[in-house]
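Q: I want to learn how to read charge pairs and burial in a model. Can we take it step by step?

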Amino acid sequence: TGINAEYMGVGHGFNLMGLPGGLTPPARFVRLFYLRQYALLNAGPPPTLDRALRLAAGLLENVLIIEGTVADNPPEGDDILEYTQYSVLKLPQARQLYFKPYGSLQWAKVDLNRVDFTKRSTMPLDDGTLGVRDRTHEI
């Protein structure tokens, strides 16, 4: 580039050029923070809970570690691939917990107001499906 040169982006998404895009925790944190701030600057604060949940879910998807994208570390004897096993959104005031396991495309919700904490119970995070609903019959 020359003196007084002006950068002209070659397409959408180049506004992040130069920011860390790696899979290290600091890089993912910076990316999450930047995207959150940029979304709030352009779209304003989410006016509804649904919009806030969509924003939060989208931000988490952006920093999700895909299985196989982080190199394993054989010297430590660990041959398990690193990935984001599940994502969680918490709504403390509403006493709700949203979660999405890695193998699913659909979020699930637990309403803690309706849980009987006097009983011991467990629930699998993943039901083994992608969570995709066939809507062909609606056409």
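A: Start with burial terms: buried means under 20% relative accessible area, exposed means over 50%, and partly exposed lies in between. Keep in mind that this is a predicted model.

Q: Apply that to Arg-135: which class does 45% relative accessibility give?
A: Arg-135 counts as partly exposed, because 45% lies between the two cut-offs. Its side chain meets that of Glu-138 in a salt bridge, at 2.8 Å from N to O. Glu-138 is partly exposed too, at 46%.

Q: Why can such side chains pair?
A: Opposite charges can pair when the charged atoms come close.

Q: How many salt bridges does a search of the whole structure find?
A: Three. One of them joins Glu-61 and Lys-100, with the closest N and O atoms 2.8 Å apart. This pair links distant parts of the chain: Glu-61 sits in helix H2, Lys-100 in strand E2 (residues 96-101), 39 residues apart.

Q: Is Lys-100 buried or exposed?
A: Lys-100 is buried, with a relative accessible area of 5%. Glu-61 is partly exposed at 38%.

Q: How far apart are the closest N and O atoms of Asp-111 and Arg-114?
A: They are 4.0 Å apart, in a salt bridge. Asp-111 is buried at 17%, whereas Arg-114 is exposed at 71%.

Q: Which residues make up the largest nonpolar core?
A: Five do: Leu-53, Ala-57, Leu-89, Leu-91 and Tyr-98. Helix H2 (49-63) and strand E1 (86-91) each give two or more of them. Setting aside neighbours within four places in sequence, Ala-57 contacts Leu-89 and Trp-107.

Methods:
Residues are numbered from 1 along each chain as its sequence is written. This is a predicted model: local features need pLDDT of at least 70, side-chain atom pairs count only at pLDDT 80 or more; totals for chains, interfaces and linings use all residues. Side-chain values use heavy atoms; hydrogens and water are left out. A nonpolar core is a set of buried Ala, Val, Leu, Ile, Met, Phe, Trp, Tyr and Cys residues joined through side-chain atoms within 4.5 Å. Buried means under 20% relative accessible area, exposed over 50%, partly exposed in between (1.4 Å probe, protein chains only). Helices (H or I, at least four residues) and strands (E, at least two) are DSSP runs, numbered from the N terminus. Contact means heavy atoms within 4.5 Å.
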